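Reader: Hello! I have a model open on my screen and would like to talk it through with you.

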Amino acid sequence: MEPRVIQSGPPPGARLGITEVQIHALVHGFYDKIRNDAVLGPIFEREITDWTPHLAKMCDFWSSVILMSGRYHGRPVPAHMKIAGLSPENFARWLELFRATAHETFTDEAAALLIDRAGRIAQSLEMMVALKNGEFPTRSAS
Ligand code: HEM
């Protein structure tokens, strides 16, 4: 039997030279854009009263995803399921702003890694939100 290939060595973000300082810049630059966005800005301002812990949590989140630091211990799915009225357009705009910030902060290769991870997570969050809103046809729904 062929041996199974197990990923070893440093996490992909570390191999590309991504640092905690850059992750901090990404998170802060991204939420500056979010807060100035005509559609997403008001949603975030409605939901988040204290930005300092949110930004710190998001640095932990991206550090865990990209550098596997293990610092993030939250639950993203319920956090988004409780936000009323999240639409596919909201997710598309979120990703557009994320892509722009990633390219401003990182090399093309590092930005591509971040954008790939963000896209996958966005897709699963969007699916969970659609499921909660009954917008996802299931066999048992008939
Ligand atoms: C339409 C797009 C999105 C909106 C409007 C949105 C909004 C929010 C808000 C308001 C919170 C704070 C919730 C709270 O503390 O009560 C939050 C938390 C969070 N968001 Fe999003 N988000 C979006 C997409 C995403 C995506 C695509 C990701 C990941 C790639 C993400 C990752 C997170 C994480 C990790 C938290 C912290 C959850 C926790 O542990 O408490 N969000 N988001």
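Author: Happy to help; the questions below go from the overall fold to the ligand, the core and a few single residues, and please keep in mind that this is a predicted model.

Reader: How many helices and strands does the secondary structure of the chain come to?

Author: Read along the sequence, the pattern is α-α-α-α-α-α-α. The C-alpha atoms fill a box of roughly 45 × 45 × 25 Å along the principal axes. The count for the chain is seven helices and zero strands.

Reader: What share of the contacts with a separation of 6 or more joins residues 24 or more positions apart?

Author: One such pair in space is G29 and A102, which are 73 residues apart along the chain with C-alpha atoms separated by 9.1 Å. G29 is found in helix 2. For the chain, residues 24 or more positions apart account for a share of 73%.

Reader: Thanks! Now the ligand: which protein atom is the donor to the iron atom?

Author: The ligand is surrounded by 23 residues, and the closest are F44, K57, Y72, H80 and K82. One of these, H80, is found in helix 5, residues 76-81. The iron has a single donor from the protein, at 2.0 Å, and that donor is NE2 of H80.

Reader: Which residue has a backbone N or O atom 3.3 Å from an oxygen atom of the ligand?

Author: Two side chains also come into play here. An N or O atom in the side chain of Y72 is 2.6 Å from a ligand oxygen, and the side chain of K82 has an N or O atom 2.6 Å from a ligand oxygen. The backbone atom at 3.3 Å belongs to R75.

Reader: Which helix gives the largest share of the largest nonpolar core?

Author: That core has 38 residues, and I18, Y31, W62, W94 and F98 touch the most other members. Two or more residues each come from helix 2 (20-36), helix 3 (40-47), helix 4 (51-67), helix 6 (88-105) and helix 7 (108-132). The largest share is nine residues, and it comes from helix 7.

Reader: Which residues is Y31 in contact with, leaving aside its neighbours within four places in sequence?

Author: Y31 is among the core residues that touch the most other members. One of its partners is H54, which is found in helix 4. The full list for Y31 is F44, W51, H54, L55 and M58.

Reader: Is H54 buried or exposed?

Author: Beyond its neighbours within four places in sequence, H54 is in contact with Y31 and I48. The cut-off for a buried residue is under 20% relative accessible area. H54 has 17% relative accessibility, so it counts as buried.

Reader: How far does helix 4 reach from its first C-alpha to its last?

Author: At the start of helix 4, a side-chain oxygen of D50 comes to within 3.2 Å of the backbone nitrogen of T52. The helix has 17 residues, and 24 Å would be expected at 1.5 Å a residue. Its reach is close to that, at 23 Å.

Reader: What covers the buried residues of helix 4?

Author: The buried residues of this helix are W51, H54, L55, M58, C59, F61, W62, S63, S64, I66 and L67. Their cover includes helix 1 (12-15), helix 2, helix 3, helix 6 and helix 7.

Reader: S64 caught my eye in that list; why does S64 count as buried?

Author: S64 has its place in helix 4. Leaving aside neighbours within four places in sequence, S64 is in contact with S69, G70, R71 and Y72. S64 counts as buried because its relative accessibility is 16%.

Reader: What phi does M68 take just after helix 4?

Author: M68 lies in the loop between helix 4 and helix 5. Most residues other than glycine have a negative phi. M68 is not a glycine, yet its phi is positive, at about 55°.

Reader: One last stop: how far apart are the C-alpha atoms of N133 and L86?

Author: N133 is found in the segment after helix 7. With 31% relative accessibility, N133 counts as partly exposed. N133 and L86 are 47 residues apart along the chain, and their C-alpha atoms are separated by 9.4 Å.

Notes
Residues are numbered from 1 along each chain as its sequence is written. This is a predicted model: local features need pLDDT of at least 70, side-chain atom pairs count only at pLDDT 80 or more; totals for chains, interfaces and linings use all residues. Side-chain values use heavy atoms; hydrogens and water are left out. Donors are N, O and S atoms within 2.8 Å of the metal (3.2 Å for Na, K and Ca); water is not among the atoms, so sites may look incomplete. Helices (H or I, at least four residues) and strands (E, at least two) are DSSP runs, numbered from the N terminus. A nonpolar core is a set of buried Ala, Val, Leu, Ile, Met, Phe, Trp, Tyr and Cys residues joined through side-chain atoms within 4.5 Å. Buried means under 20% relative accessible area, exposed over 50%, partly exposed in between (1.4 Å probe, protein chains only). Contact means heavy atoms within 4.5 Å. A residue is near a molecule or strand if one of its heavy atoms lies within 4 Å of it. A polar contact is a pair of N or O atoms within 3.5 Å; within protein, one must be able to donate a hydrogen and the other to accept it, and residues adjacent in sequence count only if both atoms are side-chain atoms. The expected span of a helix is 1.5 Å times one less than its number of residues.
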